[in-house]
Amino acid sequence: MTAVVPERMVNPARETKTLLELRSLEVDYGHVRAVDGIDLSIAEGEIVGLAGESGCGKSTVAAAAMQVLRPPGRIAGGGVYFQGENLVGRDSESLRRFRWRNVSMVFQSAMNALNPVMRVGDQFVDAMRAHERIDRKRALTRAGELLDLVGIDPRRVRAYPHELSGGMRQRVIIAIALALNPELIIMDEPTTALDVVVQREILQQIEALKRDFGFAVLFITHDLSLLLEFADRIAIMYAGEIVESAPAARLVENPQHPYTQGLLRSFPPLRGPLERLTGIPGSPPDLAEPPSGCRFHPRCPHCSIDNPALYARQTSEQPTLRLVEPNHLVACHLVEDAAL
Amino acid sequence: MRWFARRLAFYLFAIWVALTVNFLLPRLMPGDPVAGLLQHLSPAQLSSNPGLIETYRALLGGGNHSIWSDYVTYLHRIMHFNFGLSTSNYPTPVSEVVGRTLPYSIFLVGVAFLLAFVIGTLVGMVAGWRRGGLVDNVFVPVFMTIGAFPAFFTALLGLWILGLKLNWFPIQHAYGNDVTPGFNWAFLSSVGRHSELPILVIVAAFAGGWVLNMRAVMINTIGEDYVTMARAKGLRDRRVMTWYAGRNAILPPLNGFAAQFATAVGGLVFIEFIFSYPGAGYTLQNAILGNDYPLAQAILVTLSVCVIFANLIMDIFNLILDPRLRTA
Amino acid sequence: MSRIHVPAWLALLLRNPKSRIGLVILAFIVVIALLAPLITVAHPNDFNILATRQSPSWHHLFGTTDQGSDIFSQVVVGARRSLLLGAAAAALATGIAAILGVTAGYMGGLVDDVVNFVTNVFLTIPAIPLLVVVAGFIKNRGMGTMVLVLALVLWAFEARVLRSQALTLKNQDFVLAAKAAGEPTRRIVFGELMPNMISRVAAGFVLVFYIALLTDAGLEFLGLGDMSKTSWGVTLYWAQTNSTVLQGEWWPFFFPGAALALTVLSLVLLLAGIDEVSNPRLRAESTERRRVFGRLFGGRLVARAEGSA
């Protein structure tokens with residue numbers, strides 16, 4: 001290992017503090033509310049997974065957390081708190097200094113996230129020189145070391161993005177995300193664009209790096225199966241809201257929300273008895289006109305007119321997140337009723 | 001690199017086509033080309049230029065040689081830059097006339113259109129980056145409005161207002177009557193002074209197109225992930241605008257610029273006419289009006305070659321700026 | 001009162017502010033040109049030695065030339081020839097460009113290479129100098145000849161654009177389906193591809209129209225058109241040759257120039273409108289800008305803008 005490995009390692013005995021907290025976060029795109037009041041917190045060294053179908057707003061959460069929303073996206077309400085301080089409404093200079101240094105991001109498509117006309121090494125140097133006084137030569141050397149860390153020949157700093165393979169580019173993105181040793185890395189579908197074998201390698205790489213560097217991860221994906229192995233805690237997102245969140249093990253053993261149950265039933269285990277695959281009927285709602293009441297009710301197997309009292313609530317009232325067991329939150333009328 | 005080699009081959013081929021078209025043009029016109037042309041010359045012209053008919057015959061055919069041998073002779077002469085004798089400046093060789101006037105045109109086109117492109121793309125870049133900002137709301141409409149007027153209208157307007165009424169610029173010719181051509185400062189500064197108004201007019205008329213073009217590309221580029229990542233890295237705003245967005249956004253307009261060379265040369269003809277600027281365009285027009293076909297055709301060929309050459313330079317530039325082409 | 005039936009494309013164009021203004025101006029000019037014989041008092045070519053070089057007045061709205069001809073009638077009557085020539089050349093050029101471009105793009109292979117090569121050659125040889133030389137050779141510069149000549153030089157640009165559009169479309173499912181069903185190439189090109197490219201072809205027509213207008217006027221301005229007819233370029237030519245500008249007489253060049261500029265402007269606006277209608281992303285920002293301006297000028301404008309967005 002080279003000098004890049006920091007002295008600070010994750011010490012499980014130390015009390016973990018909250019790094020990032022989203023409180024009642026609301027994000028609009030023009031007239032459409034893409035994220036409707038979500039609460040999420042990530043502690044030091046924790047891997048939090050955020051899962052949901054395409055279009056549920058998870059990438060928006062990532063962009064909002066780093067304050068890099070693209071117009072017409074804007075934060076309409078709530079706050080993004082990093083180590084206790086609200087980032088929303090901060091002046092651009094302090095935001096600029098916060099970016100990458102405290103929180104960095106790994107994008108879905110490395111080919112699109114790397115500047116095609118700049119050498120890979122220079123894209124490291126950029127990030128470094130934006131935050132500290134360092135001369136180019138030393139920065140390039142550091143870049144080489146980071147590449148080595150992710151399993152790429154350090155001489156590739158001189159390469160252009162299009163000269164690397166897909167898997168290599170993704171590693172480069174991860175290496176750049178590590179450049180300033182951030183406390184939290186947000187990963188937005190980092191493996192979706194890759195084939196399964198490379199996916200595995202990348203995930204293993206991330207795990208190894210996390211052990212060495214001790215950063216926390218917000219892992220955003222539509223592939224719940226990935227999170228079950230990888231994450232400490234998982235939050236399920238649907239139509240702009242979080243419907244369930246729990247430690248990964250508990251989520252598998254005791255999924256409460258019908259949507260979560262549907263997701264878990266959607267992919268078969270490799271071993272075990274033959275099961276009938278059931279998907280979730282219907283498709284995600286149009287966020288411009290979400291369903292009234294519980295947003296999942298048109299697709300929910302437990303929502304029917306046969307149970308009129310419950311049905312009335314399901315179609316008119318939005319359920320709120322409630323604790324069903326330690327660390328396990330669910331937003332569902334059915335679960336609420338059962339608990340009573 | 002293969003891409004470049006193919007382009008080079010195309011250009012060489014295009015030059016050959018230009019030469020051949022030039023050769024065929026008079027022969028394609030109905031009737032005996034020489035006789036047809038002679039119809040439009042006055043007897044006075046004919047008698048004062050005894051070798052005229054021979055010159056025409058040699059260049060335009062109609063003699064008793066086969067078209068193929070004429071063609072070979074033609075190509076052979078072109079290789080030695082022998083375009084024949086100019087009939088309106090008899091007996092000056094055409095190549096000399098062209099050599100005298102071409103530099104002025106290249107100077108005007110080179111400086112003016114380049115400036116229009118640079119200014120236009122810079123304004124467009126800033127306008128696209130900060131939409132709704134000062135540049136976007138003020139400069140863009142101004143450039144657009146001026147650019148919407150036909151170039152020669154703007155030129156005439158500029159000539160009338162800035163040259164005639166306000167007397168800020170000299171309005172005619174390439175240099176004053178009091179200086180003699182040569183590499184002396186008085187001459188060069190006079191040339192510079194006289195080119196200011198044409199250059200200003202060209203920039204005003206043509207920058208608008210680039211502004212809009214670059215702005216549109218910039219707006220699309222801003223949506224790219226690498227721009228978002230650059231911002232997420234905490235880079236300074238200006239750096240993201242220039243090195244990430246701008247550097248990529250300029251590639252399509254650059255190609256558009258290359259495609260505009262032919263148009264630029266066209267516009268040049270009008271500008272030179274309005275300002276009586278003795279460049280190749282002005283000479284071409286006078287040559288045609290005076291039925292001096294050898295000169296006119298030679299200028300057409302020269303201008304075509306210039307356009308091709310400029311395209312070649314632009315390709316080299318592209319190769320430098322876009323590393324993806326180097327492995328294509 | 002029963003509603004007038006407006007075709008869908010026209011309604012779209014009328015709703016977009018840019019194309020609406022463009023269409024209105026264009027319609028105005030066309031109407032003036034059509035009514036030319038009714039609204040002019042004098043024949044454009046009338047000489048009147050007593051009234052030479054007069055600045056605009058009630059009697060001569062746009063002033064007179066150095067030969068005493070009324071400039072107003074020259075501009076109004078000249079509109080007919082200028083517009084007709086431009087439109088005809090544009091129609092022909094767009095037609096050639098569409099057929100060649102789309103066929104080449106769809107068929108690929110040798111056909112594509114050949115058409116591509118020819119297009120590139122035409123694009124490399126500068127258009128104006130070529131036109132100058134060709135116009136210099138042909139002495140009969142009647143309407144038909146000029147239309148033909150202009151179209152032959154101006155088709156190349158559009159052809160390349162339409163070819164690249166066809167390239168993107170040809171791999172789409174509906175084209176592949178038609179091909180699998182055994183439709184002959186000609187049917188696919190005209191029946192499947194072109195109808196889906198209408199907006200681009202229409203935009204191309206507008207583009208070539210104003211380029212043809214400018215080019216034709218330009219040629220006449222240089223003295224290379226049919227000098228005996230009345231058109232904007234010819235009027236400008238006489239204005240330039242008689243050094244009227246240098247003598248401070250602005251009206252002989254201003255009015256025909258302004259008429260030309262106005263027509264070009266209307267076409268440019270129309271083009272921008274067509275672009276916005278076909279490209280939703282450009283549309284989004286213009287509504288955004290209208291909202292910003294609306295806020296500057298008062299709340300009522302905002303409501304109206306949002307209502308029509």
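## Salt bridges across the model

Over all chains, the structure holds 27 salt bridges. Please keep in mind as you explore that this is a predicted model. Side chains of opposite charge can pair when their charged atoms come close. A few of these pairs make a good starting point in chain A.

Take R142(A) and E132(A): they form a salt bridge in which the closest N and O atoms are 3.6 Å apart. R142(A) sits in helix α5 (residues 136-149) of chain A, while E132(A) belongs to the loop between α4 (120-131) and α5, and the two are 10 residues apart. R142(A) counts as partly exposed, with a relative accessibility of 25%. E132(A) is partly exposed too, its relative accessible area being 25%.

## Pairs between helices and within one

Which helices of chain A are linked by R171(A) and E201(A)? R171(A) lies in helix α6 (residues 166-178) and E201(A) in helix α7 (residues 196-213), with 30 residues separating them. The closest N and O atoms of this salt bridge are 3.1 Å apart. Is R171(A) buried or exposed? R171(A) counts as buried, because its relative accessibility is 16% and the cut-off for buried is under 20%. Its partner E201(A) is partly exposed, at 38%.

A pair with a short sequence separation is found in helix α9 (residues 248-253) of chain A, where E253(A) and R250(A) are 3 residues apart, so about one helical turn separates them. Their side chains meet in a salt bridge with an N to O distance of 2.7 Å. E253(A) counts as exposed at 59% relative accessibility, whereas R250(A) is partly exposed at 28%. Elsewhere in chain A, salt bridges that share partners join E26(A), D28(A), R33(A) and R74(A) into one network.

## A buried threonine in chain A

For a look at a single residue, turn to T60(A), which lies in helix α1 (residues 58-65) of chain A. T60(A) is buried, with a relative accessible area of 10%. Which residues does T60(A) contact, leaving aside its neighbours within four places in sequence? They are V27(A), Y29(A), A34(A), V35(A) and L69(A).

## Chain B on its own

Chain B contains 15 helices and 0 strands. Of its 328 residues, 53% are buried. Among the contacts in chain B with a separation of 6 or more, 74% are made by residues 24 or more positions apart.

The accessible surface of chain B comes to about 14,500 Å². Carbon and sulfur atoms account for 68% of that surface.

## Where chain A meets chain B

At this interface, 27 residues of chain A are in contact with 25 residues of chain B. The two chains bury about 2,400 Å² between them, with 57% of the area on carbon and sulfur atoms. How many salt bridges does the rule find across the interface of chain A and chain B? There are 2. R239(B) and D126(A) form a salt bridge, their closest N and O atoms being 2.6 Å apart. The count of residue pairs in polar contact between these chains is 11.

On the side of chain A that touches chain B, α2 (92-98), α3 (110-113), α4 and α6 each supply at least two residues. The largest share comes from α4(A), with 5 residues. By residue class, this side divides into 15 nonpolar, 6 polar and 6 charged.

## Where chain C meets chain B

Chain B also touches chain C, in a contact that takes 43 residues from chain C and 48 residues from chain B. The buried area here is about 4,200 Å², and carbon and sulfur atoms give 81% of it. T124(C), F137(C) and L222(C) supply 16% of the area that chain C buries against chain B, more than any other three residues. The rule finds 0 salt bridges across this interface, and the count of residue pairs in polar contact is 1.

Which elements of chain C give two or more residues to the side that touches chain B? They are α5 (109-124), α6 (127-137), α10 (198-221), α11 (232-241), α12 (251-278) and α13 (280-297). The largest share, 9 residues, comes from α6(C). The residues on this side of chain C divide into 31 nonpolar, 8 polar and 4 charged.

Terms used. Residues numbered from 1 in each chain as written. Chains lettered and ligands numbered in written order. Predicted model: local features only at pLDDT ≥ 70, side-chain atom pairs only at ≥ 80, totals over all residues. Heavy atoms only, no water. Helix = DSSP H or I, 4+ residues; strand = E, 2+ residues; numbered from the N terminus. Buried < 20%, exposed > 50% of the residue type's maximum accessible area, 1.4 Å probe, protein only. Contact = heavy atoms within 4.5 Å. Areas by Shrake-Rupley, 256 points an atom, 1.4 Å probe, with all protein chains shown as cover. Buried area = accessible area lost by both parts, 1.4 Å probe. Salt bridge = Lys/Arg side-chain N within 4 Å of Asp/Glu carboxyl O. Polar contact = N/O pair within 3.5 Å; in protein donor to acceptor, adjacent residues only side chain to side chain. Nonpolar A, V, L, I, M, F, W, Y, C, P; charged D, E, K, R; others polar.
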